[in-house]
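These are my notebook entries on a single structure, set down in the order in which I looked things up. I began with burial and contacts, then turned to the metal and to the empty space.

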Amino acid sequence: MSAPQALLRGRVISAHGRHYIVEFEDGSLRQCYPRGKKAGAAAVGDHVNVRPEGRDEGTLDSVETRRNLLYRSDDMRSKQFAANVDQLLIVVAVEPTFSEDLLGRALAGAWSADIEPVIVLNKSDLAAGLPAARQKLATLAGLGVPVIELSAHDTNGVRAALADRLTGKTNLLLGQSGMGKSTLLNALSPEAGAATREHSQALDTGRHTTTSTRLYHLPAPGGDLIDSPGFQAFGLQHLSSKEVEHGFPEFAAPAEQCRFYNCTHRHEPGCGVLAALAAGRIDPARHALYARILDDNAAGMRY
Ligand SMILES: Nc1nc2c(ncn2[C@@H]2O[C@H](COP(=O)(O)OP(=O)(O)OP(=O)(O)O)[C@@H](O)[C@H]2O)c(=O)[nH]1
Ligand SMILES: [Mg+2]
Ligand SMILES: [Zn+2]
């Protein structure tokens with residue numbers, strides 16, 4: 001009987017249920033399965049230790065402590081998007097219409113996990129709808145979130161707008177289906193483009209939709225980019241009320257004026273946030289979203 005092989009450190013580049021593809025420092029890949037429950041919840045982007053089995057398989061021995069984990073959780077299920085993310089690229093488009101509710105939730109998820117968010121407004125070539133899309137993003141731009149307008153079909157334009165921003169970072173593409181996440185990835189990395197087809201499913205419309213999350217390496221100047229399937233819900237039930245509040249950075253300064261230290265900024269007297277809302281310094285739609293997330297979470301706790 002031969003001695004067990006030493007552990008190898010790698011990074012999860014794709015996850016399908018409890019089956020992971022892990023990449024190692026020499027660029028080799030192994031299909032890995034968790035051993036026992038302890039290693040059962042790795043996410044794309046996780047650094048893991050793997051015991052090699054044969055030529056191209058392995059068992060996941062442990063998941064290293066994460067810097068952050070972006071995830072969503074609704075009543076029935078929760079989903080890990082990715083771990084150890086430096087920058088979140090939330091992709092919206094001129095068409096099809098995007099949901100401001102989902103966008104606000106994704107931003108709150110990023111801020112509460114201390115991940116830097118950027119909004120990419122794609123399909124700027126569809127000029128007729130561009131002013132309306134810009135208008136929908138005006139409040140968020142006013143909060144200081146970078147909004148990058150581009151057309152994923154214009155490869156040179158995409159590289160000029162994004163390549164430097166992505167360098168040296170792990171970047172996650174997130175957004176509703178059809179916004180152009182995979183098209184953007186293809187513009188930044190033609191090699192990744194070929195691979196994305198394997199992770200997609202053809203729809204009746206002739207479109208392809210991404211079915212699994214995967215990390216790709218970008219050509220020079222470099223960086224990693226994670227493509228993910230479009231989301232249709234973005235519950236934040238794993239967040240405490242204080243963490244939800246952290247997802248609304250414009251509340252921070254006015255909240256210092258609240259009379260009660262545990263103010264929820266919804267109906268308390270002497271609330272600095274409600275005062276700022278009444279004075280027009282906080283956007284009503286943002287406050288309504290904050291209240292909706294807290295209501296969802298309170299309802300979720302009753303199940
Ligand atoms: N006009 C125009 N169409 C675009 C642009 N970018 C992407 N599209 C089209 O939008 C459709 C959806 O693009 P995808 O890249 O598959 O969108 P996705 O966000 O990856 O969608 P899911 O994988 O389902 O989440 C495709 O038909 C693209 O050709 C753009 O800049 N302009
Ligand atoms: Mg896609
Ligand atoms: Zn308050």
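**Entry 1: His-265.** I looked up the accessibility of His-265 in this predicted model. The relative accessible area is 2%, and His-265 is therefore buried, since buried means under 20%. I located His-265 in the loop between helix H7 (252–255) and helix H8 (272–278). Next I listed its contacts, leaving out residues up to four places away in sequence: His-265 touches Glu-245, Ala-255, Cys-258, Cys-271, Val-273, Leu-274, His-287 and Tyr-290.

**Entry 2: the annotated residues.** I consulted the UniProt record, an unreviewed entry, which places the feature "binding site" at Cys-258, Cys-263, His-265 and Cys-271. I then examined Cys-271, which lies in the loop between H7 and H8. Is Cys-271 buried or exposed? I found a relative accessible area of 6%, so Cys-271 is buried. With neighbours within four places in sequence set aside, I recorded Cys-258, Cys-263 and His-265 as the contacts of Cys-271. These contact partners are also named in the UniProt feature.

**Entry 3: the magnesium ion.** Which residues coordinate the magnesium ion (ligand 2)? I found Ser-182, through OG, and Thr-210, through OG1, at 2.0 to 2.2 Å. The pair links distant parts of the chain: Ser-182 belongs to helix H4 (residues 181–188) and Thr-210 to strand S13 (residues 208–210), and the two are 28 residues apart. I checked the burial of both. Ser-182 has a relative accessible area of 19% and is buried, because the limit is under 20%. Thr-210, at 12% relative accessibility, also counts as buried.

**Entry 4: the largest pocket.** I noted a volume of about 460 Å³ for the largest pocket. Its lining consists of 25 residues, and Gly-180, Ser-182, Thr-183, Arg-207 and His-208 lie nearest its centre. Ser-182 is thus recorded twice in these notes, as a lining residue of the largest pocket and as a ligand of the magnesium ion. I then asked which elements contribute: H4, helix H5 (190–196) and S13 each supply at least two residues of the lining. H4 gives the most, with four residues. By residue class, I recorded three nonpolar, 17 polar and five charged residues in this lining.

**Entry 5: the cavity.** How many cavities of 30 Å³ or more are there? I found one. The largest cavity holds about 40 Å³ of space. I wrote down its lining as Ile-90, Val-91, Val-92, Ser-99, Leu-102, Leu-103, Gly-175, Gln-176 and Phe-231. Strand S8 (87–93) and helix H1 (100–112) are the elements that give two or more residues to this lining. S8 gives the most, with three residues. I recorded six nonpolar, three polar and no charged residues for the lining of the largest cavity.

**Entry 6: Asn-297.** I closed with Asn-297, which is in helix H9 (residues 284–301). At 8% relative accessibility, Asn-297 counts as buried. I listed its contacts beyond four places in sequence as Leu-236, Gln-237, Leu-239 and Val-244.

Note on methods
Residues numbered from 1 in each chain as written. Chains lettered and ligands numbered in written order. Predicted model: local features only at pLDDT ≥ 70, side-chain atom pairs only at ≥ 80, totals over all residues. Heavy atoms only, no water. UniProt positions renumbered as here; feature names shortened; annotations may be inferred. Buried < 20%, exposed > 50% of the residue type's maximum accessible area, 1.4 Å probe, protein only. Contact = heavy atoms within 4.5 Å. Donors = N, O, S within 2.8 Å, 3.2 Å for Na, K, Ca; no water. 1 Å grid on protein atoms, 1.4 Å probe; cavity = no way out; pocket = protein on both sides within 12 Å on 5 of 7 lines; lining within 4 Å. Points joined across faces, edges and corners; volume = space filled by probe spheres on them. Nonpolar A, V, L, I, M, F, W, Y, C, P; charged D, E, K, R; others polar.
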